[in-house]
Amino acid sequence: MKYKCPICTDSQWPLKQVGSSFHILEEQCVIGAGSRLQKCHGCSSTDRDRLVFVYLRDYLRVFSAECGIKTILHVAPEHCIAQWFLEQKDISYMPIDSKEHGYEYQDYIMEMNVLDLDIQSNSVDLVICNHVLQDIEEDSKALGEINRVLKPGGKAILQVPISNSADHIIEDPTVKDYSGREAMFGQRFHCRIYNESGFIHRVSAVGFDVETISISDQYSDCSLNPLEKLFVANKHHD
Ligand SMILES: [Zn+2]
């Protein structure tokens, strides 16, 4: 395998192990979760981060001077991607997280909860929320907040683990303990396993038009997951 990281250009192969293996993830054919050799030696990016990065760079062209995207909200930012935005002088970049006791966060991350954004309505060009919504009990409320702060015509990249076999969203709000969530959702912080149509329905319900985009096959040296699609939510213009 020829590998060149699109984020840091490191080429060491094989990649490092990331994620944890749980039976339910295999049983439900979950894309974008589980134990896999996908962590870059150079920047610690995973396959999921590299997919979002190449979409930002090549499709939205956020790092080019003529790009119209100037205000970006990044929820629970991946350090490897955040570093690129922190170097862009003409982008107003808001990396936020709901900081929890006992965890370490980069200094540049602002304390803010996606369920209650301290941001003006209709003010943001782009939201990046990469594998976060599955951890949020009130995911529809978070989606509503993301929709509120986006400008009309703005976009949100909303990645989550997706079951390739379930015909509905697997969730149970009464399951809150680590072992119960690991057994049922495949990760101790996850509140559910989405399926594709259920996820699109939930995102659409707050007023978004959702595009699904497959670009992984165009990046054979970036070690992307060929099954992982991008879910891009567009806020209506009216
Ligand atoms: Zn890298």
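What geometry does the site of the zinc ion have, judging by the angles among its four donor atoms?

## The zinc site

It's tetrahedral: the angles among the four donor atoms of the zinc ion run from 102 to 116°. For reference, the ideal angle for four tetrahedral donors is 109.5 degrees. Keep in mind that this is a predicted model. The protein donors are the SG atoms of C5, C8, C40 and C43, lying 2.3 Å from the zinc ion. Along the chain, these donors follow the spacing C-x2-C-x31-C-x2-C.

Two of the donors come with accessibility values. C5 is buried, at a relative accessible area of 2%, while C8 counts as partly exposed at 27%.

## Cysteines without disulfides

How many disulfides does the structure hold? The count is zero. A disulfide would need two cysteine sulfur atoms within 2.5 Å, and a couple of cysteines show how that plays out. Take C80: the closest cysteine sulfur sits in C43, 4.8 Å away, so the two are too far apart for a bond. That partner, C43, is one of the zinc donors. C80 itself is buried, with 6% relative accessible area.

C129 has its closest cysteine sulfur in C191, but the gap is 13 Å, so a bond is ruled out there too. C129 is also buried, at 0% relative accessibility.

## Aromatic pairs

There are ten aromatic pairs in the model. One of them is F85 with Y93, a stacked pair with 5.0 Å from centre to centre and 25° between the planes. Both F85 and Y93 are buried. They also belong to a cluster, in which ring pairs link F53, F63, W84, F85 and Y93.

Y178 and F189 make an edge-to-face pair, with 5.7 Å between centres and 80° between planes. Y178 lies in helix α5 (residues 178-185) and F189 in the loop between α5 and β11 (192-195), so this pair ties together parts that are eleven residues apart in sequence. Here the rings are partly exposed: Y178 has a relative accessible area of 43%, and F189 has 30%.

## The open sheet

Seven strands build an open sheet with mixed pairing, in the order β6-β5-β4-β7-β8-β13-β12. Which strands stand at the edges? Those are β6 (110-111) and β12 (208-213); each has a single partner strand, so one side of each is left without a neighbour in the sheet.

At the β6 end, the pairing with β5 (residues 92-97) is parallel and runs over two bridges. I96 has M110 of β6 as its bridge partner. Y93, from the stacked pair with F85, falls within the residue range of β5.

## The nonpolar core

The largest nonpolar core has 34 residues, and the ones touching the most other members are L56, F85, L126 and L230. F85 thus turns up again, having already appeared in the aromatic cluster.

Which elements give two or more residues to this core? They are the helices α2 (47-59) and α3 (79-86), along with the strands β7 (124-130) and β13 (230-235). Helix α2 gives the most, with six residues. Both β7 and β13 are also strands of the open sheet, which puts the sheet and the core in shared territory.

How values were computed. Residues are numbered from 1 along each chain as its sequence is written. This is a predicted model: local features need pLDDT of at least 70, side-chain atom pairs count only at pLDDT 80 or more; totals for chains, interfaces and linings use all residues. Side-chain values use heavy atoms; hydrogens and water are left out. Donors are N, O and S atoms within 2.8 Å of the metal (3.2 Å for Na, K and Ca); water is not among the atoms, so sites may look incomplete. Four donors count as tetrahedral if all angles lie between 85 and 135 degrees; four count as square planar and six as octahedral if opposite donors are over 155 degrees apart and all others between 65 and 115; anything else is irregular. Buried means under 20% relative accessible area, exposed over 50%, partly exposed in between (1.4 Å probe, protein chains only). Rings of Phe, Tyr and Trp (its six-membered ring) pair if their centres lie within 6.5 Å; planes under 30 degrees apart count as stacked, over 60 as edge-to-face and the rest as tilted. Helices (H or I, at least four residues) and strands (E, at least two) are DSSP runs, numbered from the N terminus. Two strands pair if DSSP finds at least two bridges between them. A nonpolar core is a set of buried Ala, Val, Leu, Ile, Met, Phe, Trp, Tyr and Cys residues joined through side-chain atoms within 4.5 Å.
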